[in-house]
Amino acid sequence: MDPITFNIALGAAGGSAEEAYWIAYADSSSYHPSICTTTDSSGNVYTAFDDGSAFGLVQFDSDGQQQYAKRYANIYGADPRCIDIDSSSNVYIGGEGSRSNGTGSAQNCVIKTSSAGALTTSQTFGDTAGFGEKTEDLVVDGSSVYCASEGKDSSGNGIFTLTKLSTVLNSITWERKL
């Protein structure tokens with residue numbers, strides 16, 4: 001199989017390609033395009049990817065050198081949508097997870113990794129009625145992770161859900177559906 005690559009360019013906001021600080025790429029037969037990207041306080045760049053069956057994460061240092069590329073197999077499926085980092089540089093990736101929840105529909109999924117890319121924990125939550133949900137955005141704030149997701153209700157109408165979880169992802173503090 002030919003390697004699949006993706007490029008990451010880091011530059012000043014509103015700058016042109018000529019003003020890029022660096023351009024880097026990840027190269028592997030199992031990595032697919034970058035979906036979402038964030039940086040930490042040291043200028044390291046973290047980008048999540050979807051390889052068709054699992055979440056993945058690539059880290060570049062502030063000079064654009066790839067530090068690691070990880071694939072999180074058997075974590076609940078694929079389709080990362082968002083990424084954030086806490087003050088300890090733990091990485092949180094949210095998106096669409098398992099379809100094996102008894103309903104055949106997708107659930108929200110959030111995984112947490114260490115700054116070195118080691119999987120710390122993961123959690124699926126949300127839809128249990130068969131209509132599907134996926135985390136579209138998340139923010140880590142202190143000891144909480146806030147997830148905004150979209151899905152459908154039992155009538156097929158679109159719903160928006162805001163969920164607050166602990167940063168260890170072991171419990172939902174509250175959830176609000178609109």
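Here are a few friendly notes on the strands, hairpins and cores of this predicted model.

1. Let's start with the open sheet. Its 4 strands follow the order β7-β8-β9-β10, with antiparallel pairing. The edges are β7 (80–85) and β10 (119–125), each of which pairs on one side only. On average, neighbouring strands here are turned by 15° against each other, direction ignored.

2. A closer look at one edge of that sheet is worthwhile. Strand β9 (residues 108–113) pairs with β10 over 6 bridges, in the antiparallel sense. In this pair, asparagine 108 stands opposite phenylalanine 125 of β10.

3. Threonine 120 is a good residue to click on while you are there; it belongs to strand β10. Is threonine 120 buried or exposed? Neither label fits: its relative accessibility is 49%, and because exposed starts over 50%, threonine 120 counts as partly exposed. Beyond its neighbours within four places in sequence, threonine 120 is in contact with Lys112, Thr113 and Ser114. The C-alpha atom of threonine 120 is 9.8 Å from that of leucine 169, a residue 49 places away along the chain.

4. Next come two successive hairpins. Strands β11 (residues 133–141) and β12 (residues 144–152) are antiparallel and share 8 bridges, with valine 140 partnered by valine 145 in β12. This hairpin has 2 residues between the strands, and glycine 142 takes a positive phi near 65°.

5. β12 is also joined to strand β13 (residues 158–166), again antiparallel, by 9 bridges. Here the bridge partner of glycine 151 is isoleucine 159 in β13. The hairpin of β12 and β13 has 5 residues between the strands, and in it glycine 156 has a positive phi near 90°.

6. Now for the packing. The largest nonpolar core has 13 residues, and those touching the most other members are Tyr46, Phe55, Leu57, Ile83, Val91, Ile93 and Ile111. At least two residues of this core come from each of β4 (45–50), β5 (55–60), β6 (66–72), β7, β8 (91–96) and β9. A second, separate core holds 10 residues, including Cys82, Val140, Cys147 and Leu169. As background, nonpolar side chains tend to be buried together in soluble globular proteins.

7. Finally, which residues does leucine 57 touch, not counting those up to four places away in sequence? Among them are Tyr46, Phe49, Tyr68, Tyr72, Ile83, Val91 and Ile93. The list for leucine 57 also includes Thr47, Lys70 and Thr113, so a look around this side chain is a pleasant way to end the tour.

Technical notes:
Residues are numbered from 1 along each chain as its sequence is written. This is a predicted model: local features need pLDDT of at least 70, side-chain atom pairs count only at pLDDT 80 or more; totals for chains, interfaces and linings use all residues. Side-chain values use heavy atoms; hydrogens and water are left out. Two strands pair if DSSP finds at least two bridges between them. Axes are lines fitted to C-alpha atoms, for helices over the stretch in contact, and angles run from 0 to 180 degrees between N-to-C directions. Buried means under 20% relative accessible area, exposed over 50%, partly exposed in between (1.4 Å probe, protein chains only). Contact means heavy atoms within 4.5 Å. A nonpolar core is a set of buried Ala, Val, Leu, Ile, Met, Phe, Trp, Tyr and Cys residues joined through side-chain atoms within 4.5 Å.
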